[in-house]
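This report describes selected structural features of a single model, for a reader who has the sequence and coordinates at hand.

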Amino acid sequence: MELTFGDVEETALIPLAIKASETGRENARIKDEKAKEIIDALGVDVSKYDPFMSHEGVVARTIMFRRELKNLIAKYPDALCINLGCGFDDKFSQVDNGRIAWFDVDLPEQIAKRRKVYTDRERCTMKEGSALDGEWTKRLPKRDMTIVVMEGVLEYFSKEQVKTCVNMLCDSFEHGYLLAELHSPFLEKNGKHHDAVKHTNATFGWGTNSGEEYLGLEPRLSLVSETSYNEEMKKYSIRGKIFAVVGKNLNNRLAIFKW
Ligand SMILES: C[S@@+](CC[C@H](N)C(=O)[O-])C[C@H]1O[C@@H](n2cnc3c(N)ncnc32)[C@H](O)[C@@H]1O
């Protein structure tokens, strides 16, 4: 069955449209052929989902998540890796070391859509599951270390849901890392002005000033590092440089937690 426009949830369309358009550029900073293939197949104009600041933000976060994920995989080459709320994202092919066991997990309706454009690969398996209920984790292979990626997912959760999610992860896996995209309380309140998300029905959930705020929800967690997307965005454009000053605490961050 073919993928149709209605299959792509609007918030998932944003990173896809951006990764596809960057891939098509000369001197592309990231290459994501799968995103390009999906957007080309949909055959619709997605330019409204690709404004400048969101474009730069998605490119920055893709580079930052990939870098940190590669570092962790170098340290734990046999890790169990989970892209939780994977949407249509194809991280496995960017970081595979030939040994990790990778699972792309999302809600059943999203996995059904993903199956229209992806097939399971060796050590890379799609699985229906929720970030709010750990039942699916019981059927995963056991590895000494688990690395969970949540990119563009926790931003839409309430504080209660974030708590449920991090409690579930710590209950399900003995040792792990969580690479998470966090956003500010400012964005929580002003999300309707976000240059790309304003074109969708999505609203932002609980925003934080620091990943430290997660530690009160789950005592097993510690915060390893937290980096604003500004750190990457300021390398590429004047607007990125300016935003790093005027929007110092406003941009999203990559937080790495450990338990
Ligand atoms: C904005 S998309 C991000 C997709 C992908 N991580 C990326 O960066 O391209 C948000 C994703 O979170 C998924 N999602 C929402 N609630 C979820 C839940 N409770 N459990 C797992 N995934 C969820 C959605 O289905 C969607 O695929």
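The account below covers the ligand shell, helix packing, the nonpolar core and several individual residues.

**Ligand shell.** The model is predicted. The ligand is surrounded by 18 residues, of which the closest are Thr 11, Gly 85, Gly 87, Ala 131 and Gly 152. Sorted by class, this shell holds eight nonpolar, six polar and four charged residues. Helix H1, spanning residues 10-23, is the element that gives the most to the shell, with three residues.

**Packing of H1.** Two packed helices are described by the angle between their axes and the distance between the axes. H1 has such an arrangement with H2 (residues 33-42): the two axes come within 8 Å and cross at roughly 110°. H1 is therefore roughly perpendicular to H2. On the H1 side, this contact involves Leu 16, Ala 17, Lys 19, Ala 20 and Thr 23, which meet Glu 33, Ala 35, Lys 36, Ile 38 and Ile 39 in H2. The residues of this contact comprise six nonpolar, one polar and three charged.

H1 also packs against H3, at an angle of about 85° and with the axes 9 Å apart. This makes H1 roughly perpendicular to H3. Here Ile 14, Pro 15, Ile 18, Lys 19 and Glu 22 of H1 meet Ser 54, His 55, Val 58, Val 59 and Thr 62 of H3. By class, the contact of H1 with H3 consists of five nonpolar, three polar and two charged residues. Lys 19 is listed in the contact with H2 and in the contact with H3.

**Nonpolar core.** The largest nonpolar core has 62 residues, and Leu 16, Val 148, Val 149 and Leu 179 have the most contacts inside it. Helix H3 (residues 52-75) gives the most to this core, with eight residues. Leu 16 thus belongs to the core and is also one of the H1 residues that meet H2. Leu 179 touches Phe 65, Glu 68, Leu 69, Val 149, Leu 254 and Ile 256, when residues up to four places away in sequence are not counted.

**Individual residues.** The table lists C-beta neighbour counts and the resulting exposure for four residues.

| Residue | Other C-beta atoms within 10 Å | Exposure |
|---|---|---|
| Asn 27 | 5 C-beta atoms | exposed |
| Lys 116 | 14 C-beta atoms | partly exposed |
| Arg 123 | 16 C-beta atoms | partly exposed |
| Glu 128 | 13 C-beta atoms | partly exposed |

Which elements flank Lys 116? Lys 116 sits in the loop between helix H5 (108-114) and strand E3 (124-128). Its C-alpha atom is separated by 9.8 Å from that of Asp 7, although Lys 116 and Asp 7 are 109 residues apart along the chain.

Glu 128 is found in strand E3. Apart from neighbours within four places in sequence, Glu 128 is in contact with Pro 108, Ile 111 and Trp 136. The C-alpha atoms of Glu 128 and Glu 151 are separated by 17 Å, with the two residues 23 places apart along the chain.

**Backbone phi values.** Most residues other than glycine have a negative phi. Asn 27 is not a glycine, yet has a positive phi of about 55°; Asn 27 lies in the loop between H1 and H2. Arg 123, likewise a residue other than glycine, has a positive phi near 65° and is placed in the loop between H5 and E3. Asn 27 is exposed because 5 other C-beta atoms lie within 10 Å, under a criterion of 12 or fewer.

Terms used
Residues numbered from 1 in each chain as written. Predicted model: local features only at pLDDT ≥ 70, side-chain atom pairs only at ≥ 80, totals over all residues. Near = placed C-beta within 6 Å. Helix = DSSP H or I, 4+ residues; strand = E, 2+ residues; numbered from the N terminus. Nonpolar A, V, L, I, M, F, W, Y, C, P; charged D, E, K, R; others polar. Axes fitted to C-alpha atoms, helices over the stretch in contact; angles between N-to-C directions. Parallel < 35°, antiparallel > 145°, perpendicular 65-115°, else oblique. Contact = placed C-beta atoms within 7 Å. Core = buried A, V, L, I, M, F, W, Y, C linked by C-beta atoms within 7 Å. Buried ≥ 20, exposed ≤ 12 C-beta atoms within 10 Å, placed from the backbone.
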